[in-house]
Amino acid sequence: MNPQITSRQRRILCSQKKVKADFILRNAQVADVFNLQWRMADVVVSEEYIVAIDPDGQFEAEYEEDAQGRYVIPGLIDGHIHIESSMLTPSEFSRILLPHGITTVITDPHEIANVSGVNGIQYMLDNAENAAMDIHVMLPSSVPSTSFENSGAVLEAKNLAPFLTHPDVLGLAEVMDFPAVLEANEKMLAKIEQTESTKRIIDGHGAGLSPQQIRGYRAAGIQTDHECVTADEARNRVKQGMYVLIREGSAAKNLRALLPAVTPTNAHRFLFCTDDKHLDELMQEGSINYDIALAIEEGMEPLQAIQLATLNAANCYQLLHKGALAEGFIADFILLEDLNSCEPKTVWKNGKKVAEHGQILQKKQRENYVPTAIMQSVNIPALTESDLAIPFINGSKANVIEIQPNQIMTTKLIADVTVEDGVFIPSVENDMLKLAVIERHHQLGNIGLGITHGFGLRKGAVATTVAHDSHNALVLGTNDEDMLLAVEALQNMQGGYVVVAEGQILSALPLPVAGLMTDQPAPIAKKQLYELHEALLQLNPDLDFHLFLTLSFISLPVIPDIKLTDTGLFDVVNFKHIAVEVE
């Protein structure tokens with residue numbers, strides 16, 4: 001054979017049985033996601049591509065394995081995830097998800113972009129080059145998410161333009177500043193038009209938007225939405241020509257509510273995503289494999305669920321050679337131990353075995369250098385109790401943020417609270433706790449103060465720099481002393497999570513990479529996270545929801561109904577600031 005033969009030539013010749021294949025997986029029940037059928041066949045691989053799905057066993061290979069009649073499905077694709085929410089760097093993130101069969105993710109690095117701007121985006125792209133899976137990037141559209149808060153950076157169209165030539169960049173990430181879209185704001189439209197001119201995808205973020213408002217999103221050219229929480233919302237998005245990403249994360253769990261919207265005739269417009277999912281759940285459950293299993297449990301036909309997780313996601317994001325087991329597709333596939341649980345036995349990426357029996361097989365690549373500015377991103381001033389005081393002048397009636405456990409939406413509650421000497425006093429008995437958002441990027445001195453109901457802490461305080469999307473310091477507590485100690489701990493460890501009670505730090509998980517990600521291996525971070533959750537149980541023994549992830553969205557002023565930013569309490573429905581005390 002000519003040593004100068006190209007990979008494409010070799011694939012062609014192999015498909016015609018003129019040269020041996022690199023690898024054959026024999027005797028497999030192969031998922032045909034185009035026709036929703038199972039086919040007993042061999043999967044024939046050459047030069048990282050599938051060159052034949054052979055029912056007759058006529059090919060030869062340098063290496064082969066026997067599937068023994070087990071099910072084989074395409075590699076799974078997560079349509080939208082913020083890798084930073086896993087608390088891992090992209091390369092470490094890939095090592096925990098590949099054993100679960102996720103071979104491709106589409107990520108939006110707007111968490112680190114809100115902290116470190118273009119340097120954060122470049123770091124994520126560089127680090128992803130060491131990942132064992134394929135990591136594609138959508139460029140952050142809304143940094144900051146609104147003009148009513150302060151983040152670490154402001155990104156305009158000109159800042160994003162250089163990234164549009166990067167081969168792993170697929171488009172513009174979730175457009176969440178809906179007033180800017182619906183008012184045809186020139187700066188927002190510049191980002192959309194710049195992306196559209198390169199024939200890339202534009203993701204939406206239609207949380208709480210009416211059909212009329214979604215019409216405005218469609219007029220702007222926005223193509224997807226992952227914020228549906230009801231089947232009716234999902235049906236409307238599809239009716240208006242959108243792809244709907246069915247989200248099942250750690251805080252937002254919408255899969256069961258949205259599945260009734262999926263029918264055999266419209267299923268091609270649905271796919272799965274996780275959006276935000278914590279490290280411990282990713283390691284235990286995986287992500288998109290878990291979505292498939294849950295959809296099957298809820299009554300969806302298995303091949304239909306697999307199609308959503310593979311072909312539909314690939315079509316949505318124009319990944320033309322992914323998402324199917326067929327000739328001409330990249331050889332990403334999974335041998336399942338059990339179909340209903342979608343538990344992988346073996347995972348192949350680009351035709352090479354990368355994971356087996358839940359373990360990654362590839363050696364860990366050396367981590368990229370993290371710029372000093374990204375590792376030193378937390379700048380919290382020294383605070384006193386007076387900085388946390390919430391004054392009341394006319395009475396005791398307050399606008400309170402009421403959380404919905406395991407959801408990222410909140411409710412505006414008007415309630416009587418405890419007031420002494422003209423300031424709010426937290427009440428454990430009434431579950432009225434103090435909340436503060438402290439600007440941590442530019443030392444502006446901003447502190448937003450509010451009152452929450454629903455977290456159920458009986459003592460102490462918790463704090464974090466993971467506070468979507470601007471990622472200022474966030475502290476929740478039953479008393480000022482513990483809140484101040486928690487904030488001081490955040491500064492000392494350059495970000496992360498901390499649990500405090502009675503003047504003692506019970507547990508902490510440092511996240512020094514932009515205050516969002518650990519520089520430790522996943523098993524160490526998982527142990528620290530376990531200890532953190534155990535400490536939370538000392539503050540609330542009855543805790544039955546993901547407190548930190550629910551807390552992290554309480555400062556995102558594009559998710560209804562009421563949030564708190566570093567500039568104060570924010571009414572998302574009316575899109576304006578309001579006072580804590582009801583006037």
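In this predicted model, the largest nonpolar core holds 132 residues, and among these Ile451 and Val462 touch the most other members. The helix α15 supplies the largest share of this core, contributing seven residues. Once residues up to four places away in sequence are set aside, Ile451 touches Ile390, Phe392, Ala398, Val400, Ile401, Val417, Phe424, Met432, Leu433 and Val580. Separate from this assembly there is a second core, made of 29 residues, which includes Val143, Leu164, Phe570 and Phe575.

Two of those names lead on to other parts of the chain, and Phe570 is a convenient place to continue. Phe570 is the bridge partner, in β29, of Lys563, and the strand β29 spans residues 568-571 and pairs with β28 in the antiparallel sense over four bridges. These two strands belong to an open sheet of three, arranged in the order β28-β29-β30 with antiparallel pairing. Because β28 (562-565) and β30 (576-577) each have a single partner strand, they stand at the edges of the sheet, and one side of each is left without a neighbour there. As background, the strands of a sheet pair through backbone hydrogen bonds, in either a parallel or an antiparallel manner.

An edge position in the sheet should not be confused with exposure of the side chains. Along β28, Ile562 and Leu564 point one way while Lys563 and Thr565 point the other way, and all of these residues are buried. The connection from β28 to β29 is a hairpin that passes through two residues, and Thr567 is found in this loop. With a relative accessible area of 35%, Thr567 is partly exposed, because that value falls between the 20% limit for buried and the 50% limit for exposed.

The side chain of Thr567 takes part in two polar contacts that can be followed in the structure. One of them, at 2.8 Å, joins the side chain of Thr567 to that of Thr565, a residue of β28 whose side chain is on the side of the strand shared with Lys563. Another polar contact, also of 2.8 Å, joins the side chains of Thr567 and His577. Thr567 and His577 are 10 residues apart along the chain, and their C-alpha atoms are separated by 8.4 Å. Apart from neighbours within four places in sequence, Thr567 is in contact with Phe148, Glu149, Asn150, Asn446 and His577.

Val143, the other name to follow from the second core, is joined to Pro144 by a cis peptide bond with omega about -5 degrees. Pro144 has its place in the loop between β8 (134-139) and α4 (157-160). A cis peptide bond also runs from His468 to Asp469, with omega near -5 degrees, and Asp469 is found in the loop between β24 (461-464) and β25 (473-477).

The loop between β24 and β25 also contains His471, which has a positive phi of about 55 degrees although it is not a glycine. With a relative accessible area of 0%, His471 is buried. Ala514 likewise has a positive phi without being a glycine, in this case about 65 degrees, and Ala514 lies in the loop between β27 (504-510) and α15 (522-539). Ala514 counts as buried because its relative accessibility is 0%.

A final site concerns a charged residue, Asp203, which lies in strand β10 (residues 201-204). Where is the nearest side chain of opposite charge to Asp203? That side chain belongs to Arg218, 10 Å away, and Asp203 is buried yet has no salt bridge. Because a salt bridge needs a side-chain nitrogen of Lys or Arg within 4 Å of a carboxyl oxygen, Arg218 at 10 Å does not provide one for Asp203. The side chain of Asp203 does make a polar contact with the side chain of Tyr317, at 2.9 Å. Leaving out neighbours within four places in sequence, the residues in contact with Asp203 are Met138, Leu172, Ala173, Glu174, Val175, Ile222, Thr224 and Tyr317.

Note on methods:
Residues are numbered from 1 along each chain as its sequence is written. This is a predicted model: local features need pLDDT of at least 70, side-chain atom pairs count only at pLDDT 80 or more; totals for chains, interfaces and linings use all residues. Side-chain values use heavy atoms; hydrogens and water are left out. Two strands pair if DSSP finds at least two bridges between them. Buried means under 20% relative accessible area, exposed over 50%, partly exposed in between (1.4 Å probe, protein chains only). Contact means heavy atoms within 4.5 Å. A polar contact is a pair of N or O atoms within 3.5 Å; within protein, one must be able to donate a hydrogen and the other to accept it, and residues adjacent in sequence count only if both atoms are side-chain atoms. A nonpolar core is a set of buried Ala, Val, Leu, Ile, Met, Phe, Trp, Tyr and Cys residues joined through side-chain atoms within 4.5 Å. Lys and Arg count as positive and Asp and Glu as negative; His and the chain ends are not counted.
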